[in-house]
Amino acid sequence: MRALPEFDSVTARIIQHLDSCTTRSQIYQIQAQLIVQNLHVDTHIASHFINACQSQNILDSALSLFTRLPKPHIFTCNTLLRAFSHSHSFRNSLSLYSHMHKRSVSPNNYTFPFILKSLSDKRELTLGQSVQTQIVKLGHLNDIYVQNSILNLYGSCGELGFCRKVFDEMPQRDVVSWTILIAGYRVVGKFDEALVAFMQMGYAGVVPNQVTMVNALAACASFGALEMGIWIHDSIRRNGWELDVILGTALIDMYGKCGKIEEGLRVFESMNEKNAFTWNAVIKGLTLADSGKEVLSWFSQMESAGYKPDEVTLIAVLNACSHKGLVQMGREIFGALVDGKYGFSPGVKHYACMVDLLARAGCLRDAFNLMEEMPFRPTKSMWGALLAGGRAHKDLEFSEFAAWKLVELEPENSAHYVVLSNMYADMGRWSDVSKVRDLMKERGLKKDLALSSVEYEKTRALCICE
């Protein structure tokens with residue numbers, strides 16, 4: 001066991017006071033004394049002062065204090081950069097890094113992961129590449145922590161070409177390297193490549209960690225790779241991993257999106273700890289399985305268990321009401337949402353689900369009034385729902401109005417014109433059919449019958465939660 005450093009009485013007393021600070025005013029008083037006695041040059045005091053500032057969310061004061069020094073110690077700079085990276089203080093990170101450069105404080109291999117994390121969080125690709133150039137010049141490129149930080153920069157910015165190039169050029173790769181690559185592919189929607197990378201990781205003999213598994217399961221969920229998801233679940237069992245709230249929720253989400261929500265429910269029952277995200281995964285999975293009444297039952301259980309529904313929960317529940325024709329229940333839940341029962345106002349997706357519910361049920365006037373009264377501009381999915389509802393219930397007035405609105409929103413989409421033309425043909429309004437066809441020719445659009453037959457039906461599905 002490493003011995004703790006010994007401090008003189010003054011240093012020890014100041015550190016003790018800093019560690020026991022509970023208010024900003026106490027920190028400011030100590031800061032004044034540090035300046036008067038020139039004690040902020042002590043790296044041990046500096047470290048504890050930064051921690052105290054971070055606990056009270058006043059890291060600006062720490063930056064102001066240490067940039068007073070003509071040449072702050074690299075240890076102090078790194079401690080402050082680490083605090084900024086954890087507090088998402090992007091501008092402060094840049095300010096300190098610039099100050100180090102001006103004061104000829106040479107960064108080391110501990111500096112770059114912190115500054116690159118701040119840049120990655122803000123998707124600052126150009127600045128990150130400038131830092132990468134400095135890393136090469138200063139000879140820190142062979143450090144695996146620095147390399148992983150560069151990987152994370154490109155992955156976070158969606159630059160998977162550069163990310164893969166850096167990855168392939170690394171002489172050594174650890175579990176973090178592979179996880180960043182897998183997560184990068186997943187975030188940009190290349191789910192198949194994420195899963196290929198996951199398999200390659202196994203062939204390379206690198207053991208995945210929990211973060212790896214969660215990202216791989218998310219890729220399985222989005223790609224519909226049920227067999228791979230089951231294999232990952234079996235691997236978790238074989239290795240005796242605890243099914244904590246994060247891993248368990250990822251498994252439920254995977255089973256739900258792959259059409260095996262009954263397996264997801266078994267995972268749910270086996271979990272010792274759950275949170276709102278876990279309940280949401282179950283409710284979304286049941287919604288995708290078109291189990292509307294079960295969704296409402298689980299929604300009620302969620303509230304009874306003391307978990308607060310969030311925006312995602314309500315989207316899934318309203319969507320379930322829509323697909324099962326539970327108009328009154330949907331109205332009640334939406335009304336409670338508007339009245340503030342859940343602690344947030346309905347967003348555009350909640351309104352879209354409600355419009356879809358009303359339009360499916362033939363309450364077209366109510367759906368239109370809701371679109372007129374809501375604090376958002378009606379979206380494509382809403383007009384699509386109104387169009388589909390109007391056609392299903394033989395209301396040509398609303399169908400025509402909604403179709404023209406879709407033409408306004410997407411004038412380049414030939415499907416809307418074809419639907420409109422077909423509607424006019426059904427009504428025997430041949431002059432209007434000719435006008436629509438002339439408008440298509442004027443705009444250089446071609447009739448695509450294969451697309452037009454299903455396009456308007458697709459639009460009503462856009463309100464379903466991701």
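**Salt bridges, core packing and surface features**

Asp-234 is partly exposed, with a relative accessible area of 31%. The value comes from a predicted model. Asp-234 pairs with Arg-237 in a salt bridge, and the closest N and O atoms are 2.7 Å apart. Both residues belong to helix α14, which runs over residues 226-238. They are three residues apart, about one turn of the helix. An α-helix has 3.6 residues a turn, so residues three or four places apart point the same way.

The search of the whole structure returned 14 salt bridges. A second pair within one helix is formed by the side chains of Asp-356 and Arg-360, at 2.8 Å from N to O. Here the helix is α21, and the two residues are four places apart, again about one turn. The setting of each partner was examined in turn. Asp-356 is buried, because its relative accessible area is 0%. Arg-360 has 27% relative accessibility and counts as partly exposed. 

A further salt bridge joins Glu-410 to Lys-380, with 3.5 Å between the closest N and O atoms. Glu-410 sits in the loop between α24 (396-409) and α25 (414-427), whereas Lys-380 is in helix α23, so the bridge ties together parts that are 30 residues apart in sequence. At 17% relative accessibility, Glu-410 is classed as buried. Lys-380, at 24%, is classed as partly exposed. Salt bridges also link Glu-400, Arg-429 and Asp-432 into a network.

The interior was considered next. The largest nonpolar core contains 147 residues. Those with the most contacts inside this core are Phe-49, Phe-66, Leu-80, Ile-232, Met-254, Ile-333 and Leu-386. Helix α21 (residues 348-360) contributes the most to the core, with eight residues. 

Helix α21 was therefore examined in more detail, as ten of its 13 residues are buried and it is largely enclosed by the rest of the structure. The buried set runs through His-350, Tyr-351, Ala-352, Cys-353, Met-354, Val-355, Asp-356, Leu-357, Leu-358 and Ala-359. Asp-356, already described as a salt-bridge partner of Arg-360, is thus among the buried residues of the helix. The cover over these residues includes α19 (311-324), α20 (327-338), α22 (364-373) and α23 (380-392). Lys-380, the partner of Glu-410, lies in α23. From its first C-alpha to its last, α21 reaches 18 Å. This is close to the 18 Å expected at 1.5 Å a residue. Just after the helix, Gly-362 takes a positive phi of about 85°.

Met-254 is one of the core residues with the most contacts. Neighbours within four places in sequence aside, Met-254 is in contact with Leu-217, Cys-220, Ala-221, Leu-226, Gly-229 and Ile-230. Asp-253 is located in helix α15 (residues 245-257). At 17% relative accessibility, Asp-253 counts as buried. With the same neighbours left out, Asp-253 is in contact with Ala-221, Ala-281 and Lys-284. Ala-221 is in contact with Met-254 and with Asp-253.

Ile-144 is found in helix α9 (residues 144-156). This residue is partly exposed, at 22% relative accessible area. Beyond four places in sequence, Ile-144 is in contact with Met-170, Gln-172, Arg-173, Asp-174 and Ser-177. Ile-144 and Val-312 are 168 residues apart in sequence. Their C-alpha atoms are 38 Å apart in space.

Surface features were also examined. Val-196, Met-199 and Tyr-203 form a nonpolar patch on the surface. Together they have about 330 Å² of accessible area. Tyr-203 lies in helix α12 (residues 191-203) and counts as exposed, at 70% relative accessibility.

Most residues other than glycine have a negative phi. Asn-57 has a positive phi of about 60° although it is not a glycine. Asn-57 is in the loop between α3 (43-55) and α4 (59-66). Its relative accessibility is 62%, so Asn-57 counts as exposed. Lys-394, also not a glycine, has a positive phi near 60°. The loop between α23 and α24 holds this residue. Lys-394 has 71% relative accessibility and is likewise exposed.

Technical notes:
Residues numbered from 1 in each chain as written. Predicted model: local features only at pLDDT ≥ 70, side-chain atom pairs only at ≥ 80, totals over all residues. Heavy atoms only, no water. Patch = residues over 30% accessible without salt bridge, like charges linked within 9 Å, V, L, I, M, F, W, Y side chains within 5 Å. Areas by Shrake-Rupley, 256 points an atom, 1.4 Å probe, with all protein chains shown as cover. Salt bridge = Lys/Arg side-chain N within 4 Å of Asp/Glu carboxyl O. Buried < 20%, exposed > 50% of the residue type's maximum accessible area, 1.4 Å probe, protein only. Core = buried A, V, L, I, M, F, W, Y, C linked by side-chain atoms within 4.5 Å. Contact = heavy atoms within 4.5 Å. Expected span 1.5 Å × (residues − 1).
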